[in-house]
Amino acid sequence: MIRLISGIVVFALIVTAAAWLADRPGDVAIEWLGYRIDTTVGVLGAAVLILGASITLLYMLWRGLIGAPGAWFGSRSESRKRRGYRALSLGMVAVAAGDADEAQRQARRAESMLDDPPLTMLLSAQAAQLTGDKDAARRYFTAMLENPETAFLGVRGLLMQATRENNAPEALRLAEQAHRMKPTTPWVVQSLFDMQARAGQWLAAQETLQEALRNKVVPVERGRTLKAILLVERSRQAEARGKNGEATQFAREAFLTEPSRIPVAQRYGERLIADNDHKRVRKILERAWALHPHPDLAQLYLAASGNTDPLKRVQALQELTSERPDDVESHIVLAREALEARLWGQARRHLVAAGGDNPPARICRLMADLEESEFGDGERVRLWLTRATAAPIDRHWRCQPCGMVTERWQSVCPNCGAFGTIDWRSPPPGYSGILSLEDGITAEEMKAITVEKPPVATTMPVPVNGNGAAKKEDDKPLPPPVLPQRIDPLA
Ligand SMILES: [Zn+2]
């Protein structure tokens with residue numbers, strides 16, 4: 001509308017100017033190169049206007065002819081790019097949906113339409129992974145290493161592929177490479193640390209941990225625990241190499257770092273016994289028992305006391321457990337030793353105190369031993385052993401992330417490979433146990449044992465004494481075990 005109005009205004013102005021000039025024709029004479037032209041001002045003005053318009057028109061025509069191919073190619077390339085990015089987004093959606101064929105089709109389209117931006121390579125690699133073409137995925141990830149923008153993604157892809165293929169040395173090499181690129185990225189630090197620990201590279205793992213603590217990638221408290229466990233392993237390694245002094249030094253450092261961990265106290269105790277430092281071993285085990293009691297610590301304590309007389313051994317354990325007399329572990333070790341010393345009443349008192357109304361299997365078996373030793377009562381022994389098979393699950397060594405139960409403590413979980421996650425724990429509510437790889441039984445057999453329990457004998461003789469028999473569990477309730485998780489950056 002505005003254009004129309006301005007057009008009319010301009011036209012009106014031109015007509016007015018022409019009329020004004022027509023009324024005042026005037027004369028113009030031009031003499032040039034021997035020619036003479038006589039005309040009016042209006043004609044001259046019109047001639048100048050026509051000449052200017054013709055030159056402008058010719059110039060525009062010329063520009064149009066020169067620029068046409070460029071503009072045509074430009075719009076074509078824009079459209080290609082648009083289609084390329086659309087293929088890229090559709091490919092990403094297909095990867096997320098797990099549609100391998102579609103992902104690969106879109107990856108090929110994106111690749112042909114876009115000039116190797118990082119995302120097309122990533123999509124192609126992911127599509128190749130989805131179709132199970134490991135070689136192609138490896139090729140794409142390796143190609144990504146060439147470009148600084150995509151190098152880290154490439155290393156990550158290769159690392160995950162090596163982890164899936166259980167190629168531990170290659171995974172460790174790639175984790176080191178990723179760590180050099182991004183030393184503060186949490187998953188990189190965690191992967192490198194776990195791989196070094198799995199490879200038994202305790203010193204390297206400790207260095208990684210120190211750096212992680214400096215960069216605040218690992219919480220301080222967790223860092224202390226991990227450091228202590230690494231030192232336990234370094235102590236074992238030094239001992240295996242015959243470097244006993246070093247072995248004791250590492251064990252001591254571990255205990256000073258984190259005395260509440262059972263394996264840490266146990267390692268230091270073992271080293272002190274090996275060094276014949278019996279006085280100190282008793283002191284550190286008493287301290288450890290007060291923090292976190294465990295039967296293995298009691299065995300070391302008895303070994304350090306050197307007593308073979310059963311009564312003196314009971315006395316020694318009373319000293320050990322004096323800080324935690326009501327803990328289940330204190331009752332159990334005292335009951336066991338009292339049984340050896342034929343102190344039936346004392347043994348029974350401890351078992352009742354530890355077992356409560358629903359004693360775990362360890363206590364049921366000790367009760368069977370007691371009935372056998374004290375009365376030779378076969379029927380009661382049989383009832384207690386039957387009850388043991390249906391008893392609630394006892395404290396055990398269990399990996400926190402994957403729920404794997406192991407017979408002995410290990411620094412690296414044999415199931416999920418995590419380091420420093422196995423602890424002596426009470427079963428979480430509703431826990432029915434997870435197959436231990438060491439047991440060598442099938443998952444079905446395990447299920448039969450743990451889920452379909454035999455019925456509890458209702459006529460079970462439960463000894464009662466006056467002081468009540470509440471079972472005390474000082475461990476906090478734990479979340480139910482979860483399935484092992486795999487780190488997958490591309491998922
Ligand atoms: Zn685990």
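This passage walks through a zinc site, a pair of helices and a few single residues in a predicted model. Local features were considered at pLDDT of at least 70 and side-chain atom pairs only at pLDDT 80 or more, while totals for chains, interfaces and linings use all residues. Residues are numbered from 1 along each chain as its sequence is written, and side-chain values use heavy atoms, with hydrogens and water left out.

A good place to begin is the zinc ion. Its protein donors are the SG atoms of Cys399, Cys402, Cys413 and Cys416, lying 2.3 Å from the ion; donors are N, O and S atoms within 2.8 Å of the metal (3.2 Å for Na, K and Ca), and since water is not among the atoms, sites may look incomplete. The four donor atoms subtend angles of 104 to 116°, so the arrangement is tetrahedral, a label given to four donors if all angles lie between 85 and 135 degrees. Along the sequence, the donor residues follow the spacing C-x2-C-x10-C-x2-C. Cysteine 402 sits in the loop between β3 (396-399) and β4 (405-406), and cysteine 416 in the loop between β4 and β5 (422-425), so this pair ties together parts 14 residues apart in sequence. Helices (H or I, at least four residues) and strands (E, at least two) are DSSP runs, numbered from the N terminus. Cysteine 402 counts as buried at 1% relative accessibility, whereas cysteine 416, at 25%, counts as partly exposed. Here buried means under 20% relative accessible area, exposed over 50%, and partly exposed in between (1.4 Å probe, protein chains only).

Attention now turns to the helices. The axes of α12 (residues 262-274) and α14 (residues 295-305) come within 10 Å and cross at roughly 15°, which makes α12 roughly parallel to α14. Axes are lines fitted to C-alpha atoms, for helices over the stretch in contact, with angles running from 0 to 180 degrees between N-to-C directions; angles under 35 degrees count as roughly parallel. Residues of α12 including Ile262, Ala265 and Ile273 meet residues of α14, among them Leu297, Leu300 and Ala304, where contact means heavy atoms within 4.5 Å.

Serine 124, in helix α4 (residues 118-130), is buried at 4% relative accessibility. Beyond its neighbours within four places in sequence, serine 124 is in contact with Ala107, Glu111 and Tyr140.

Most residues other than glycine have a negative phi. Lysine 216, however, has a positive phi near 60° and lies in the loop between α9 (202-214) and α10 (220-240). Asparagine 276 has a positive phi of about 60° and is found in the loop between α12 and α13 (278-291).

Note on methods:
Tetrahedral: all angles 85-135°; square planar, octahedral: opposite > 155°, others 65-115°. Parallel < 35°, antiparallel > 145°, perpendicular 65-115°, else oblique.
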